[in-house]
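Visitor: Please show me how to read helix packing and cysteine pairing in a model.

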Amino acid sequence: MSDKVFETIKNKQCVDIHDRVTPLDFWVCILAFTFDLNFNVTYKIVKENNYIDILIDRFNYKDTTTREKIETIRSIINEFVNEKLKNQVNPTNKWEL
């Protein structure tokens, strides 16, 4: 994974397509789309269905450094989703669009 892509995700931003260099950059770029979600219901669906973990767990990251970075990304994105849900305008269980 390139350093620029990893730093972008650590800054909770979507990855610029021109910054993608490695195959893993392309993969984590998809995960980073989470930072561009706009609706509370979408965050709720992502969390309830465990989508981030399911996507990350699809692959076996053999390289130790890569595995550590992926785990950092998992943590950043899941915390981001949890924070969005915690700060949502309508904290009830009802979905609003």
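Guide: What follows covers one pair of helices and then the cysteines. The model is predicted: local features need pLDDT of at least 70, side-chain atom pairs count only at pLDDT 80 or more, and totals for chains, interfaces and linings use all residues. Residues are numbered from 1 along each chain as its sequence is written, and side-chain values use heavy atoms, without hydrogens and water.

Visitor: How do H3 and H5 cross?

Guide: Two packed helices are described by the angle between their axes and the distance between those axes. Here the axes of H3 (residues 40–48) and H5 (residues 64–86) come within 9 Å and cross at roughly 135°. H3 and H5 are therefore oblique to each other (neither under 35 degrees, over 145, nor 65 to 115).

Visitor: Which residues of H3 and H5 meet?

Guide: From H3, Asn40, Tyr43, Lys44, Val46 and Lys47 meet Phe80, Val81, Asn82, Lys84 and Leu85 of H5 (heavy atoms within 4.5 Å). By class, this contact has 5 nonpolar, 2 polar and 3 charged residues.

Visitor: Which residues of H3 are buried?

Guide: Val41, Tyr43, Lys44 and Val46 are buried (buried is under 20% relative accessible area, exposed over 50%, partly exposed in between, with a 1.4 Å probe and protein chains only). Their cover includes helix H4 (51–56) and H5.

Visitor: How many disulfides does the structure hold?

Guide: A disulfide is a covalent bond between the sulfur atoms of two cysteines. The structure holds 0, counting sulfur pairs within 2.5 Å. For cysteine 14, the nearest cysteine sulfur is that of cysteine 29, 7.5 Å away. Cysteine 14 is partly exposed at 31% relative accessible area, while cysteine 29 is buried at 4%.

Terms used:
Axes fitted to C-alpha atoms, helices over the stretch in contact; angles between N-to-C directions. Helix = DSSP H or I, 4+ residues; strand = E, 2+ residues; numbered from the N terminus. Nonpolar A, V, L, I, M, F, W, Y, C, P; charged D, E, K, R; others polar.
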